[in-house]
Amino acid sequence: MNIQIDWLAFVHVFVAALAGAVVVVGSYALGLRMLVRAGRAPVVAPAEFTDAITVMSEKARARAVKAAAKAAKKSPLTPAQRRLALVAAYASFALCGLAVLGGLALIVLGR
């Protein structure tokens, strides 16, 4: 019994996984960055978790919302630039979603 490993196939899978991870994480991070530049910083309401996770209090959440609104008012961008940043954010999120769906399609459909 002789086991042979196709190292070139291993390298192909490694490169594809690395490229997919870079595209997904990079486009999501760029989308969040553009969303903040557009003046729409995502603020998440506090949730109840176990004691292992620190949760924002209602006071801290209100402070974060107020700070986000203040930062949006102080934005040096013009309304057109903010709109462009918002479009870029949505495009980045769409690219992230397409990369995930493409990866799932490769898994389900094979080659």
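Against which helix do the buried residues of α1 pack? In this predicted model, the buried residues of α1 pack against α3. The report below first describes the overall fold, then the two helices that meet, and finally the surface and the connecting segments.

## Overall architecture

The protein contains 3 helices and 0 strands, and its order along the sequence is α-α-α. Of its 111 residues, 11% count as buried. The exposed surface amounts to about 9,100 Å², of which carbon and sulfur atoms supply 70%. Among contacts with a separation of 6 or more, 65% are accounted for by residues 24 or more positions apart.

## Helices α1 and α3

Helix α1 covers residues 7–37. It has 31 residues, and the distance from its first C-alpha to its last is 44 Å, close to the 45 Å expected at 1.5 Å a residue. Helix α3 covers residues 79–109. Its 31 residues should span 45 Å at 1.5 Å a residue, and because its end C-alpha atoms are 44 Å apart, the two values agree.

The buried residues of α1 are Ser27, Gly31 and Leu35. An α-helix has 3.6 residues a turn, so residues three or four places apart point the same way. In α3, the buried residues include Ala85, Leu86, Ala89, Ser92 and Cys96. The buried residues of α3 pack against α1, just as those of α1 pack against α3.

## Ser27 and Ser92

Ser27 is found in helix α1. It counts as buried because its relative accessibility is 6%, which is under the 20% cut-off. A polar atom of the Ser27 side chain lies 3.3 Å from the backbone oxygen of Val24. Leaving aside neighbours within four places in sequence, Ser27 is in contact with Val22, Ser92, Leu95 and Cys96.

Ser92 lies in helix α3 and is likewise buried, with a relative accessible area of 8%. Not counting residues up to four places away in sequence, Ser92 touches Ser27, Leu30 and Gly31. The contact between Ser27 and Ser92 thus appears in the list of Ser27 and in that of Ser92. Two of the residues touched by Ser92, Ser27 and Gly31, are among the buried residues of α1.

## The segment before α1 and the nonpolar patch

Which residues form a nonpolar patch on the surface? The patch is made up of Met1, Ile3, Ile5, Trp7, Leu8, Phe10, Val11, Phe14, Val15, Leu18 and Val22, with about 1,300 Å² of accessible area together. One of its members, Ile3, is found in the segment before α1. Ile3 counts as exposed because its relative accessibility is 68%, over the 50% cut-off. Val22, another member of the patch, is also in contact with the buried Ser27.

## The ends of the helices and the loop after α1

α1 is followed by Gly39, whose phi is positive, near 90 degrees. Gly110, just after α3, also takes a positive phi, of about 85 degrees.

Arg40 lies in the loop between α1 and α2, the latter covering residues 58–73. With a relative accessible area of 48%, Arg40 is partly exposed. Apart from neighbours within four places in sequence, Arg40 is in contact with Leu35, Leu86 and Tyr90. Of these, Leu35 is a buried residue of α1 and Leu86 is a buried residue of α3.

Several pairs of residues separated along the chain have the C-alpha distances listed here.

| Residue pair | Separation along the chain | C-alpha distance |
|---|---|---|
| Arg40 and Ala68 | 28 residues | 7.7 Å |
| Ala71 and Gly39 | 32 residues | 7.3 Å |
| Ala80 and Ala38 | 42 residues | 9.7 Å |

Ala71 is found in helix α2 and counts as partly exposed at 48% relative accessibility. The partner of Ala71 in the table, Gly39, is the residue with positive phi that follows α1. Ala80 is found in helix α3 and is partly exposed, with a relative accessible area of 46%.

Conventions
Residues numbered from 1 in each chain as written. Predicted model: local features only at pLDDT ≥ 70, side-chain atom pairs only at ≥ 80, totals over all residues. Heavy atoms only, no water. Helix = DSSP H or I, 4+ residues; strand = E, 2+ residues; numbered from the N terminus. Buried < 20%, exposed > 50% of the residue type's maximum accessible area, 1.4 Å probe, protein only. Polar contact = N/O pair within 3.5 Å; in protein donor to acceptor, adjacent residues only side chain to side chain. Contact = heavy atoms within 4.5 Å. Expected span 1.5 Å × (residues − 1). Patch = residues over 30% accessible without salt bridge, like charges linked within 9 Å, V, L, I, M, F, W, Y side chains within 5 Å. Areas by Shrake-Rupley, 256 points an atom, 1.4 Å probe, with all protein chains shown as cover. Salt bridge = Lys/Arg side-chain N within 4 Å of Asp/Glu carboxyl O.
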